Amino acid sequence: MEPYSKTYDVIVVGAGHAGCEASLAAARLGHSTLVVTVNVDHIGEMSCNPAVGGLAKGHIVREIDALGGEMAKNIDATGIQFRRLNTKKGPAVQSSRAQADKEQYRLRMKGVLERQENLDIKQRLVDALIVENGAVRGIITSIQERFFGKTVILTTGTFLRGLIHIGLKNFPAGRMGDPPSNKLSDSLKSLGLRIGRLKTGTTPRLDGRTIDFPRLTPQYGDEPPLPFSFETKSISQKQVPCHITYTNEKTHDIIKTGLDRSPLFTGVIKGVGARYCPSIEDKVVRFPDKPRHQIFLEPIGLGTTEIYPNGVSTSLPVDVQLKMLRSIEGLEQVEIVRPGYAIEYDYVDPVQIKPSLECKAIRGLFLAGQINGTSGYEEAAGQGIMAGINAVYHLRGNPPIILVRDQAYIGVMIDDLVTKGTREPYRMFTSRAEYRLLLREDNADLRLRELGYQIGLVSEELYEKFEKKRDAVQRLLALLSDVRLNPRPEVNSTLEGLGLGFINQPVTLQDLLKRPGVELKDIAKLDSRVLSFDKEIAEQATILVKYDGYIRRQMQQVERVKNLEGTKIPDSFDYQAVPGLSNEVKEKLSRIQPISLGQASRISGITPAAVSIIQIYLKKWSAR
C-alpha cells in the first residue's frame with residue numbers, strides 16, 4: 001500500500017490519558033500531529049475507576065494544569081464529587097480527588113482533541129514501527145498503511161499483548177471490548193528493546209438499582225467543591241455521594257473457596273501486579289487476620305445506574321464474584337453488569353529511556369504511560385505532556401525539558417523510572433518525593449506556570465493572571481513581615497482578647513502567624529489590610545509563613561545536591577575506562593547512562609565512593 005500522503009511532525013500511538021496529553025501538547029505547540037487509536041470512541045477512556053486525583057496523584061494533575069495540559073480542566077467540567085484528602089495533616093501531603101462522570105469525561109476529552117488545530121485522529125491498529133539508521137520514521141498499521149512522522153510517541157497502555165483473565169478463562173484484549181496490539185510488541189522486541197510483563201486488575205461493575213443504599217454510610221464531597229485547574233473558578237455540575245460498606249468473614253470464606261479457580265493463585269497469571277493495589281483475593285490471603293476490608297461504592301456517572309465498588313478488584317470466576325458481593329451488607333441482591341478481570345500486558349524496561357522520555361536506542365521515539373511500567377491515569381498523563389513537549393523540542397533541535405526532583409512530582413516519577421526501573425506497576429506516593437514540602441499541590445502553578453509559558457502551552461492572558469497572583473502573595477508576605485507591633489497596653493489588650501497573650505518586645509504579624517493555632521483571620525483584627533487578599537492568596541502566604549523553617553531546610557538540601565545535578569555526564573563517557581569501579585558498577589552505569597552525577601548517585605548500588613571516582617575521572621576526561 002502507498003504511504004499516506006501527509007508526513008507528520010509527531011505521531012502518537014494510543015489515545016488514553018498519556019496519548020491525549022502528548023498529542024494536545026504537540027499540536028498546541030504548532031506541530032502537525034497524528035493520534036492513532038484502536039477505537040476513537042474510547043479516547044480518554046477511564047478503563048478502571050471513574051476518578052481523577054488522590055494522594056500524590058492530585059499533585060500531578062495540578063502540575064499538568066500548570067504546564068498547560070488538559071486533565072484538570074476535563075475533570076473540573078465532568079466531576080460529580082470533589083474531596084480534599086488528608087486535610088488533618090500538613091499541606092505537603094494534602095491532595096484532591098474527584099469522581100468523574102465517566103461518559104462525560106471521555107466525550108469532553110474526545111471533543112477537545114477533535115477541535116484542536118494541527119491534530120488529526122485516525123482509528124487504526126498499529127503493528128510496527130518504521131526505523132531507519134537508528135531513528136524512527138513512522139508506523140505501519142494492521143492493514144499495511146504507512147504513516148510517516150519525524151517523531152513517534154508510544155502510549156499503548158495495557159494493549160501490548162494484552163491478555164484478560166476471568167477465572168481460568170482468558171482471552172486476548174487490550175481492555176474489555178478492544179483488541180490487543182500483539183505485533184507492535186513483537187516489533188519493539190525485534191528492535192532490541194527489553195520487554196517485561198505486568199498485571200493490573202479492575203472491579204466488577206454493579207447495577208445500582210439492586211443495591212440497598214439506605215443501609216449504607218453515605219460519603220459526601222466537599223462543599224463547595226475545590227477545582228483542580230487554576231483556571232476553573234467554580235464547579236457547576238450536580239454533585240452526588242459515594243457509599244461505604246465492608247467485606248466480612250463470610251465474604252472471605254467465599255473468596256477462599258474460589259482460589260482453586262483463581263488465575264492469580266493457580267499460576268496462570270505470570271505478570272507482576274501492584275503491591276499497593278492488590279485484588280480482594282490477594283488481600284484476603286495476605287492479611288488473614290483482618291476481619292474486613294472497606295469498599296467505596298462510587299457512581300460511574302449521572303446518566304447511568306452503574307456503580308464501581310472500589311476495593312474489590314478481582315479476577316475470580318464470575319459465579320464466585322457474585323457470591324462474594326452478595327455476602328456484603330447492602331449488596332445482598334446485587335447484580336453484576338460487567339465482571340471484574342485481571343489483565344496482563346507488556347511494558348518496556350524504563351531504564352532504556354532518557355529523562356526526556358526518548359528511547360536511548362531509537363532517536364525520535366518517545367514512550368509515555370503504562371508502557372514505561374506505571375499505573376494510573378495521572379502518572380500516564382504527566383508522562384504524556386512531557387513526551388509531547390520533548391518530541392517537539394527534539395524536532396526543533398532544542399535541549400529537552402527535564403523536570404527535576406525538587407521541581408515537580410512528575411520529575412520525581414520520571415527520574416525514578418529512568419534511574420531505577422521498575423519490576424511492578426509504579427504508582428506515585430508523596431513518600432517518593434524527598435522535597436515534598438516544596439512540591440505541594442497548592443503551589444504547583446508557582447513551581448511550573450512560568451515554565452509552561454516559556455514552552456508555549458500557557459497563553460499570555462493566563463500568564464498575566466498568574467503573575468498577579470504571584471505578586472499578591474509577595475505583597476501579603478511583605479505586609480506580614482513589615483508590620484511590627486510594639487508592647488503597648490492597647491496592643492496587648494487586643495492580643496489578650498484574641499487569646500494570644502502579652503508581648504514583652506516588638507513582634508511582626510509574621511511572628512504571630514507562626515504561632516500554632518493562629519490563622520490569618522486572627523491577624524486581620526490587628527491589621528485589616530490582610531482582608532483585602534483573596535482566599536487563595538491568603539492560604540498560600542499562610543503556608544509559607546507557618547512552614548518557613550522547614551521550607552528553608554529543604555531548600556538548603558536542594559542546594560547541597562545541585563552541584564551533583566549540575567555536573568553533566570556526556571553520552572560518550574566510557575565507564576569501562578574508569579579505574580576503581582567494580583564491574584557491577586560499570587555495568588549498571590553503562591546500561592542506565594545517567595545524564596548527571598546526581599542521577600548516578602540515585603542508581604541502586606552506586607556508592608558515594610563510586611560517585612567521587614566518577615567525578616574525579618570526569619574532570620580528567622573533560623580536560624582531554
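Okay, let's start with aspartate 282: at 18% relative accessibility, this residue counts as buried, because the cut-off for buried is under 20%. Keep in mind that we're looking at a predicted model here.

So who does aspartate 282 pair with? The partner is arginine 286, and their side chains meet in a salt bridge, 3.5 Å from N to O. Both sit in helix H7, residues 280-286, and being 4 residues apart they're separated by about one helical turn. Arginine 286 comes out as partly exposed, at 38% relative accessibility.

Next one. Arginine 194 and aspartate 349 also form a side-chain salt bridge, with 3.5 Å from N to O. This pair ties together distant parts of the chain, 155 residues apart. Arginine 194 is in the loop between helix H5 (182-190) and strand S12 (195-202), while aspartate 349 is in the loop between strand S19 (341-348) and strand S20 (365-367). Buried or exposed? For aspartate 349, it's buried, with a relative accessible area of 19%. Arginine 194 is partly exposed, at 38%.

Third pair: glutamate 450 and arginine 470, where the closest N and O atoms are 2.9 Å apart. Here the salt bridge links two helices, with glutamate 450 in H11 (residues 444-455) and arginine 470 in H12 (residues 460-482), 20 residues apart. Glutamate 450 is partly exposed at 33% relative accessibility, and arginine 470 is partly exposed too, at 25%.

Then there's a network: Arg405, Asp415, Asp416, Lys420, Glu434, Glu565 and Arg602 are joined by salt bridges that share partners.

And how many salt bridges does the count come to? It's 50.

Methods. Residues are numbered from 1 along each chain as its sequence is written. This is a predicted model: local features need pLDDT of at least 70, side-chain atom pairs count only at pLDDT 80 or more; totals for chains, interfaces and linings use all residues. Side-chain values use heavy atoms; hydrogens and water are left out. A salt bridge is a side-chain nitrogen of Lys or Arg within 4 Å of a carboxyl oxygen of Asp or Glu. Buried means under 20% relative accessible area, exposed over 50%, partly exposed in between (1.4 Å probe, protein chains only).
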